[in-house]
Amino acid sequence: TVYNKIAVDASQIDIEHVRLDEDKHYIETLDTSLNDILTVSANIDQTGRKFIQDLVMSMCDEGVVAAAIIDADNNPMITDSYNIKSMRVGKIVEWYPYEVKVEAYNERTGRRSTMVLPKSCTAIIENPFYEIMNRPNSTAQRLIRTLAELDQINRSKSSGKLDVIIQLPYIAKTKTRQDQANTRRLALEEQMSKSKLGIGYIDGTERIIQLNRPLENNLWKQAQELTDQLYSQLGLTPEVFNGTADPKVMTAYYSRTIKPFLSAITEEMTRKFLSKKARTMGQSIRYFRNPFELLPATDMGEVSKSFISGQILSANEFRSELGYKPKNDPQADELINPNINPIQNGQGYDQEEEQPIDDESYDESANTNLRAIAHSDGHSPVKRYRKNSSRSPNYIPGDRKAKLHIINQYLKNRKEVE
């Protein structure tokens, strides 16, 4: 159950063939045959997600497994330039200095077959918890042996045996008495087997002693202690299994338990399936976990506000995470803060409306507009300008362009009112 839980959770995280920048930051996902194997179809029998689940499950069972190339357009043993068409999980049965003998399923024959593959083009992945799960005297192996002994005891109790002793009225130490006792036992077995209801009879001097009493041992207590110890070593809690873990517990579970498996897989695949030239060009194999899948619906609104206002995700990117169609609004694809009004040139007015003028024409235009305001309202130009400009949030003392903009805006609004 523990192995299956880890394998299923690891397979739910996307592993992709990507391109990185100089700072090892994600740029794009590459459309390659390797990416199709990891995300769509690994072979004729398995999807990409099922392939990862099989790989992690085999890592837990075997300790070390191989992700073997089955089909490629070029021979990986000859050249580094090849496209992988299919892969399978294989069990390593023998080790050589530069090769390994791998046992994998052969889809052409329908049986498992062995093949010798070079280590240079075979991803050999070791369980990061090998000392805990695969060592002969590790916690997981001790737990497996203890549970096997408990199962054997349970099978013996439910095997249909009566476990009784017949006390005969004589001492069975001599050969003759022992033969007589065996004859009596066989006669009683025949009575019980031939009876429809399983009823037999004994002599009045004989006695039946029943032995199927509860067996007192500490195997069950040992199994419980080993289970708790295994959970603590792997970073597991009972809440993770029964589905009551909060996001913090699940985040710790993914960081302590799932991340080492995925790191081992992606690092080994990058080292073996991508050439040095490809790695120099920024290609890599990375895994990506959806950070929003553990959030309840009540917290999703606050998180969306934080990510959009902080210009981390656009509105359409967040809508895609929620399963909604993107909006046909250009601003929905931009990293903008919707809570702040856009300012194009830092002064709060449109830069396209600003016309370059020299100082004389600028002052003449401003004075003309000031006289027009004073004539219409009966105020002096200086008082009217100060009164109007001090109320505007765009007014900056000493800014002559802002002064002209405020005056023109005032006249425009007044004209619309009239």
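**Close-up 1. Helix H1 packed against helix H9 in the predicted model.** H1 covers residues 2-11, and its axis lies 10 Å from that of H9 at an angle of about 80°. H1 is therefore roughly perpendicular to H9. On the H1 side the residues of the contact are Lys5, Ile6, Asp9 and Ala10. These meet Tyr253, Tyr254, Thr257, Ile258, Phe261 and Leu262 of H9. Sorted by class, the residues of this contact are 7 nonpolar, 1 polar and 2 charged.

**Close-up 2. Helix H3 packed against helix H9.** Two packed helices are described by the angle between their axes and the distance between the axes. For H3 (residues 48-62) and H9 (residues 247-273) the angle is about 110° and the axes are 11 Å apart. This angle makes H3 roughly perpendicular to H9. H3 contributes Phe51, Leu55, Val56, Met59 and Cys60 to the contact, and H9 contributes Phe261, Ile265 and Met269. The contact of H3 with H9 has 8 nonpolar residues, with no polar and no charged ones. Phe261 of H9 is listed in this contact and also in the contact of H9 with H1.

**Close-up 3. The open sheet of 3 strands, S2-S1-S10.** The pairing in this sheet is antiparallel. Strands S2 (26-29) and S10 (283-288) are at the edges and have a single partner strand each, so one side of each has no neighbour in the sheet. Direction ignored, neighbouring strands are turned by 50° against each other on average. S1 (residues 14-20) pairs with S10 over 6 bridges in the antiparallel sense. Within this pair, histidine 17 stands opposite isoleucine 285 of S10. H9 packs on the sheet and touches S1 and S10, and the direction of H9 makes about 165° with that of S10.

**Close-up 4. The open sheet of 5 strands, S6-S5-S4-S3-S7.** Here too the pairing is antiparallel. S6 and S7 (123-126) stand at the edges with a single partner strand each, so one side of each is left without a neighbour in the sheet. The average turn between neighbouring strands of this sheet is 35°, direction ignored. S3 (residues 64-72) and S7 pair in the antiparallel sense over 4 bridges. Valine 64 has glutamate 126 of S7 as its bridge partner. Two helices lie across S3, S4 and S7: H3 runs at about 5° to S4, and H9 runs at about 160° to S7.

**Close-up 5. The hairpins S4-S5 and S5-S6.** S4 (residues 84-95) is joined to S5 (residues 99-106) by a hairpin with 3 residues in the connection. The two strands pair in the antiparallel sense over 4 bridges, and lysine 101 of S5 is the bridge partner of glutamate 94. S5 also pairs with S6 (residues 111-118) in the antiparallel sense, over 8 bridges. In that pair, valine 100 stands opposite leucine 117 of S6. The hairpin of S5 and S6 has 4 residues between the strands. Glycine 110, in the turn, has a positive phi of about 80°.

**Close-up 6. Salt bridges at strand S1, aspartate 14 with arginine 49 and arginine 19 with glutamate 28.** The count of salt bridges in the model comes to 15. One of them joins aspartate 14 and arginine 49, with the closest N and O atoms 3.1 Å apart. Aspartate 14 belongs to strand S1 and arginine 49 to helix H3, so the pair ties together parts that are 35 residues apart in sequence. Aspartate 14 is partly exposed at 34% relative accessibility, and arginine 49 is partly exposed at 36%. Arginine 19 forms a salt bridge with glutamate 28, the closest N and O atoms being 3.1 Å apart. Arginine 19 has a relative accessible area of 23% and counts as partly exposed. Glutamate 28 is also partly exposed, at 35%.

**Close-up 7. Further salt bridges: the pair of glutamate 131 and arginine 135 and the network of Asp45, Arg88 and Glu107.** The side chains of glutamate 131 and arginine 135 meet at 3.1 Å, N to O. Arginine 135 is partly exposed, with 39% relative accessibility. Asp45, Arg88 and Glu107 are linked by salt bridges into a network.

Definitions and conventions: Residues numbered from 1 in each chain as written. Predicted model: local features only at pLDDT ≥ 70, side-chain atom pairs only at ≥ 80, totals over all residues. Heavy atoms only, no water. Axes fitted to C-alpha atoms, helices over the stretch in contact; angles between N-to-C directions. Parallel < 35°, antiparallel > 145°, perpendicular 65-115°, else oblique. Contact = heavy atoms within 4.5 Å. Nonpolar A, V, L, I, M, F, W, Y, C, P; charged D, E, K, R; others polar. Pairing = 2+ DSSP bridges. Salt bridge = Lys/Arg side-chain N within 4 Å of Asp/Glu carboxyl O. Buried < 20%, exposed > 50% of the residue type's maximum accessible area, 1.4 Å probe, protein only.
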